[in-house]
Amino acid sequence: MIELYNFGARGKICDPSPFCVKVETYLRMAGVPFETHSGPDNLRKSPKDKLPFIRDDGEVIADSSFIIRHLEEKHDHTLDGHLTDAQKAAAHALTKMIDENLYWTLVYSRWILDHNWIIIKQMFFGSLPFPLKLFVPGMVRKNVLKGMKGHGIGRHSNNEITEIGTWDLKALSDALGDKEYFFGDRPCSMDAAAYGILSQMILSDTFTAPIFDAARKHDNLVAFTTRICDKYFADLG
Ligand SMILES: N[C@@H](CCC(=O)N[C@@H](CS)C(=O)NCC(=O)O)C(=O)O
């Protein structure tokens with residue numbers, strides 16, 4: 001049985017991390033049995049200091065891309081096997097756009113916009129003992145900003161970051177069109193990646209941000225996200 005290490009579900013969203021949602025959605029779409037171990041302490045157990053990671057027959061694999069490659073190879077390419085090489089290339093490019101670009105607009109919205117930071121601070125650090133709760137949240141937020149500067153997104157203005165995310169969302173909406181999934185009537189791993197980020201932007205009512213409003217303006221992305229939630233996560237929430 002695959003063991004998935006994540007942060008843990010909040011309502012009908014199976015994790016606050018889009019990468020953890022991506023892997024869990026992949027497992028559910030592929031029908032691979034798994035169990036979850038949830039909690040922020042998992043970060044300390046992760047070989048890459050990030051979540052998700054999985055344990056499969058004693059082998060530990062970290063990072064959503066390596067996990068999905070591993071599962072595809074082990075289970076006879078359950079989700080991506082039906083794609084043509086050109087579709088695989090497009091799916092790869094869209095997945096990287098989500099993971100390496102659009103993702104950072106989510107990080108910015110949650111950690112840097114002050115009205116959301118108040119919520120994050122309470123959510124992740126609210127149970128820290130005194131005096132840790134006085135300085136740890138600020139230190140972590142500073143590190144997030146440092147990561148955003150290193151990536152490059154942190155050098156843009158608020159409006160520019162929203163614009164960058166809006167371009168990606170339009171690309172996703174145009175790529176999906178009126179199809180059920182991005183490459184037809186069968187899901188692939190890219191659909192799991194898309195659900196990972198869109199569930200955070202469209203289904204969550206915890207945070208508000210211009211980029212989430214922009215996501216909700218695309219009717220087909222809203223319908224796609226709701227469909228996947230209803231079909232694969234009916235047990236949550
Ligand atoms: N490339 C990694 C990214 C994973 C990642 O960034 N996870 C974040 C949560 S969204 C994390 O664990 N952050 C904790 C930290 O950086 O301390 C993947 O695809 O799994």
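This passage describes aromatic pairing and the surroundings of one helical glutamate in a predicted model.

A search of the whole structure identifies ten aromatic pairs. Among them is the pair formed by Phe-19 and Tyr-103, whose ring centres are 4.7 Å apart and whose planes enclose an angle of 65°, an arrangement classed as edge-to-face. Because Phe-19 belongs to helix H1 (residues 18–30) and Tyr-103 to helix H4 (residues 85–111), this pair ties together parts of the structure that are separated by 84 residues in sequence. Phe-19 has a relative accessibility of 18% and, since buried residues are those under 20%, it counts as buried.

A further pair is formed by Trp-117 and Phe-125, which is tilted, with 6.4 Å from centre to centre and 55° between the planes. Both partners are buried, Trp-117 with a relative accessible area of 9% and Phe-125 with a relative accessibility of 10%. These two residues also belong to one aromatic cluster, which is formed by Trp-111, Trp-117, Phe-124 and Phe-125.

Helix H1, which contributes Phe-19 to the edge-to-face pair, also contains Glu-24. The relative accessible area of Glu-24 is 5%, so that this residue is likewise buried. When residues up to four places away in sequence are not counted, Glu-24 touches Leu-4, Asn-6, Cys-14, Phe-34, Thr-36 and Phe-233. Asn-220, by comparison, is 196 residues from Glu-24 in sequence, and the C-alpha atoms of the two residues are 22 Å apart in space.

Definitions and conventions: Residues numbered from 1 in each chain as written. Predicted model: local features only at pLDDT ≥ 70, side-chain atom pairs only at ≥ 80, totals over all residues. Heavy atoms only, no water. Phe/Tyr/Trp six-rings, centres within 6.5 Å; stacked < 30°, edge-to-face > 60°. Helix = DSSP H or I, 4+ residues; strand = E, 2+ residues; numbered from the N terminus. Buried < 20%, exposed > 50% of the residue type's maximum accessible area, 1.4 Å probe, protein only. Contact = heavy atoms within 4.5 Å.
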